[in-house]
Amino acid sequence: MKTTILFLLLLITIGTGFKAGAQEVSNAYSNELFIKNNDTLRYRLLTPANYDIHKAYPIIIFLHGSGERGSDNNAQLLHGGALFVKDSLRKAFPAFVLFPQCPKDQTWAPMKLIRDKDGKITDVKFGLTPEPTQPAALVKQVLDSLLATGKIDPKQVYLGGLSLGGMGTFDMLARYPDVFAAAFPICGAGDVTAASKYGKKVAMWIFHGGADNVVPVDFSRAFYKALKEMNADVKYTEYPGVGHNSWDNAFAEPTLLPWLFSHKKQ
C-alpha cells in the first residue's frame, strides 16, 4: 500500500504546547521510570478513583503520536490525558491508565523507509519483525510487572493509540493477541496481513479522518475490511472532512469508554 509523502511528518518531532489546564492533568498522573538492564521507559500512571487495594482494576495503555516523543515524561499526556481524569468518567470507569513515552527518533512499531537514488523518502513499509521495537518491548514489560502485582484485572487490559501510536497498537495486537480484551487505534497504519493474528481475539474500534493527509485513511479502511471478512468484533468510524487530528473526534465519542469496558477476556 502506497503512502503519501506527507506521511513522513510522522517521523518528525513537532514542538507542541499544552492547553490550559494541562498542569492539573499532569498532576493527576504519577511520574514513573521503568529500568531494565540499560533501557529506560518513562511513563505516567493514573490510579483508579477511590482506589481499593483489595481490588483488581482494568488498565488502559495509550500510545502517543510522533510529536509527543522525547524524555520529559509529560508531552505524551497532550492528547487524551485530560479524557481519563474527568471526574464523571473516573467514577463510572475506575481503572489504571498508562501513558508511556517513546524516546525521540524511535517508534512504537517497526517500519522501513524506502528512499530513491537521491536519498529522498518515497514510501514506508510495515511488517511483523521477529522482535518489537525497544519502546514497545518495554511497554510490554511494564504491563507484565503491573499484572504481577495483582492490582490489574488480566481480563480487562485495553490498548489504544493515535497516529504513530495507532501503528504501535496494530503491531502490539499482532504480537500479543491473548493479552488485550479490546483496542482503539486512531489514524493508524500497519501490516494488514497481520490482522488475522488477533481478529478473533480482540474487539476493535478503528477511527480515522476521511481527509487525513498525513496517514492515508486507506490503511484503516483496509484493516476494517480484513477484520470484517473474518467476522471479527470490529467497528469503524470515519469522520468525513476531518484531517489527521481525528483523535479529537474519537475522544469525544460518548460511547468510547462504555464500549471499551464492556469487553472482557474469556
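The following legends describe close-up views of a predicted model.

**Basis of the model and numbering.** Residues are numbered from 1 along each chain as its sequence is written. In this predicted model, local features need pLDDT of at least 70, side-chain atom pairs count only at pLDDT 80 or more, totals for chains, interfaces and linings use all residues, and side-chain values use heavy atoms, with hydrogens and water left out.

**View 1. The whole protein.** The secondary structure comprises 7 helices and 10 strands; helices (H or I, at least four residues) and strands (E, at least two) are DSSP runs, numbered from the N terminus. The C-alpha atoms fill a box of roughly 60 × 40 × 40 Å along the principal axes. The radius of gyration is 17 Å, which agrees with the value near 18 Å for a compact globule of 266 residues; this radius is taken over C-alpha atoms, and the globule rule is 2.2 Å times the number of residues to the power 0.38. Buried residues account for 55% of the 266 residues, where buried means under 20% relative accessible area, exposed over 50%, and partly exposed in between (1.4 Å probe, protein chains only). Of the contacts between residues at least 6 apart in sequence, 73% join residues at least 24 apart; contact means heavy atoms within 4.5 Å.

**View 2. Strand S4 and its partners.** Strand S4 spans residues 96–101, and 6 of its 6 residues are buried. Phe96, Leu98 and Pro100 point one way from the strand, while Val97, Phe99 and Gln101 point the other way. Strand S2 (residues 39–46) pairs with S4 in the antiparallel sense over 5 bridges, pairing being assigned if DSSP finds at least two bridges between two strands. Tyr43 stands opposite Pro100 in S4. Strand S3 (residues 57–63) pairs with S4 in the parallel sense over 3 bridges, and Ile60 stands opposite Val97. From S3 the chain crosses through helix H2 (residues 87–92) to S4 in a right-handed β-α-β crossover; with the strands pointing away from the viewer, right-handed denotes a clockwise path from the first strand over the helix to the second.

**View 3. Phe99 in strand S4.** Phe99 belongs to strand S4 and counts as buried because its relative accessibility is 0%. The C-alpha atoms of Phe99 and Ile60 are 8.6 Å apart in space, although the two residues are 39 apart in sequence. Beyond its neighbours within four places in sequence, Phe99 is in contact with several residues, including Tyr29, Arg42, Tyr43, Phe62, His79 and Phe84.

**View 4. Asn73 in the loop between S3 and H2.** Asn73 lies in the loop that joins S3 and H2 and is buried, with a relative accessible area of 3%. A polar contact of 2.7 Å links the side chains of Asn73 and Asn31; such a contact is a pair of N or O atoms within 3.5 Å, and within protein one must be able to donate a hydrogen and the other to accept it, while residues adjacent in sequence count only if both atoms are side-chain atoms. Outside its neighbours within four places in sequence, Asn73 also has Glu32, Arg44 and Gln101 among its contacts.

**View 5. Thr107 in the loop between S4 and S5.** Thr107 is located in the loop between S4 and strand S5 (111–115). At 15% relative accessibility, Thr107 counts as buried. Its side chain reaches the backbone oxygen of Ala109 at 2.8 Å. Leaving aside neighbours within four places in sequence, Thr107 is in contact with Arg69, Cys102, Thr133, Pro135 and Leu164.
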